Amino acid sequence: MNISEVKDLMSQFDGSSLREFSYRNAEGELTFSKNEHGPALVPEKVVTPTPVQEVSVASAPVPPVAAAEENTPFAAEGELVDSPLVGVAYLSPSPDQAAFVSVGDTVKKGQTLLIIEAMKVMNEVPAPRDGVVTEIVVANEAVVEFGQGLVRIK
């Protein structure tokens, strides 16, 4: 890879919404990152807490919460369509147009669910089968990783 190719990649990365980018080939590896890694914060003075006197308070017993009610996230039904590549997900063909699909829409195999931009190339993500969209997992213009869930189809 020559210097002009590296400069071109840097320019494209700088203009994108990606936070990190890595490229590896037989010649070597190239990594860009917009993440800021500032110096670690070190406290100037250690403060010793003053002991607090314990006070006993009588209260009514609290009924235990069932484990199922405690941390049960909503789980939509259906097969999760995973991202085939790393890039930026777009839910509509352009900002002024409607989304490709919405929750509750019936889709046919091969129908475009969303697009993923990678290296200024727009890649359509097709529906793997007929079904109904039960969940859209990613937000518009979100950076997605390979294998990350995008849309759920039942």
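Where is the place of Gly104? Hold that thought for a moment, everyone, while I set the scene.

What you see above is a predicted model, in which local features need pLDDT of at least 70 and side-chain atom pairs count only at pLDDT 80 or more, while totals for chains, interfaces and linings use all residues. Residues are numbered from 1 along each chain as its sequence is written, and side-chain values use heavy atoms, with hydrogens and water left out.

Back to Gly104, then: this glycine sits in the loop between β4 and β5. When I say helix or strand, I am talking about DSSP runs numbered from the N terminus, with at least four residues for a helix (H or I) and at least two for a strand (E). Gly104 is partly exposed, with a relative accessible area of 46%. The cut-offs here are under 20% for buried and over 50% for exposed, with partly exposed in between, using a 1.4 Å probe and protein chains only. Leaving aside neighbours within four places in sequence, Gly104 is in contact (heavy atoms within 4.5 Å) with Val132 and Val133. Gly104 and Ile153 are 49 residues apart in sequence, yet their C-alpha atoms are 9.5 Å apart in space.

Now to the sheets. One is an open sheet of 4 strands in the order β3-β10-β8-β5, with antiparallel pairing. The strands β3 (79-82) and β5 (106-107) are at its edges with a single partner strand each, so one side of each has no neighbour in the sheet. Two strands count as paired if DSSP finds at least two bridges between them. β5 and β8 (residues 131-136) pair over 2 bridges, with Thr106 opposite Val132. β8 and β10 pair over 3 bridges, and here Val133 stands opposite Ile153.

Let's visit two residues in this sheet. Leu80 is found in β3 and is partly exposed, at 32% relative accessibility. Not counting residues up to four places away in sequence, Leu80 touches Val137, Gly149, Leu150, Val151 and Arg152. The C-alpha atoms of Leu80 and Ile136 are separated by 9.5 Å, with these positions 56 residues apart along the chain.

Arg152, in strand β10, is one to look at on screen. Is Arg152 buried or exposed? At 18% relative accessibility, this arginine counts as buried. Beyond the residues up to four places away in sequence, Arg152 touches Ala76, Glu77, Gly78, Glu79, Leu80, Val132, Val133, Thr134 and Glu135.

The second sheet is also open, with 4 strands in the order β7-β6-β4-β9 and antiparallel pairing. Its edges are β7 (121-126) and β9 (143-144), each with a single partner strand, so one side of each is left without a neighbour in the sheet. β6 and β7 pair over 6 bridges, and Glu117 has Met122 in β7 as its bridge partner.

What about the interior? A nonpolar core here is a set of buried Ala, Val, Leu, Ile, Met, Phe, Trp, Tyr and Cys residues joined through side-chain atoms within 4.5 Å. The largest has 16 residues, and those touching the most other members are Val107, Leu113, Leu114, Val138, Leu150, Val151 and Ile153. Two or more residues of this core come from each of β6 (112-118) and β10 (149-153). Apart from it lies another core, of 8 residues, including Leu9, Phe21, Leu30 and Phe32. As for Val107, its contacts beyond four places in sequence are Val101, Leu113, Ala127, Arg129, Asp130, Gly131, Val133 and Ile153.

Last stop, the largest pocket, which holds about 200 Å³ of space. A pocket is an open set of points on a 1 Å grid over the protein atoms alone, where a 1.4 Å probe fits, with protein on both sides within 12 Å along at least five of seven lines; lining residues have an atom within 4 Å of a point. The volume is the space filled by probe spheres set on the points, which are joined across faces, edges and corners. Of the 16 lining residues, Gln12, Ser16, Leu18, Glu117 and Lys120 are the closest to the centre. α1 (3-15), β4 (87-90) and β6 each give two or more residues to the lining, and α1 gives the most, with 4.

Thanks for listening, and do rotate the model as we talk!
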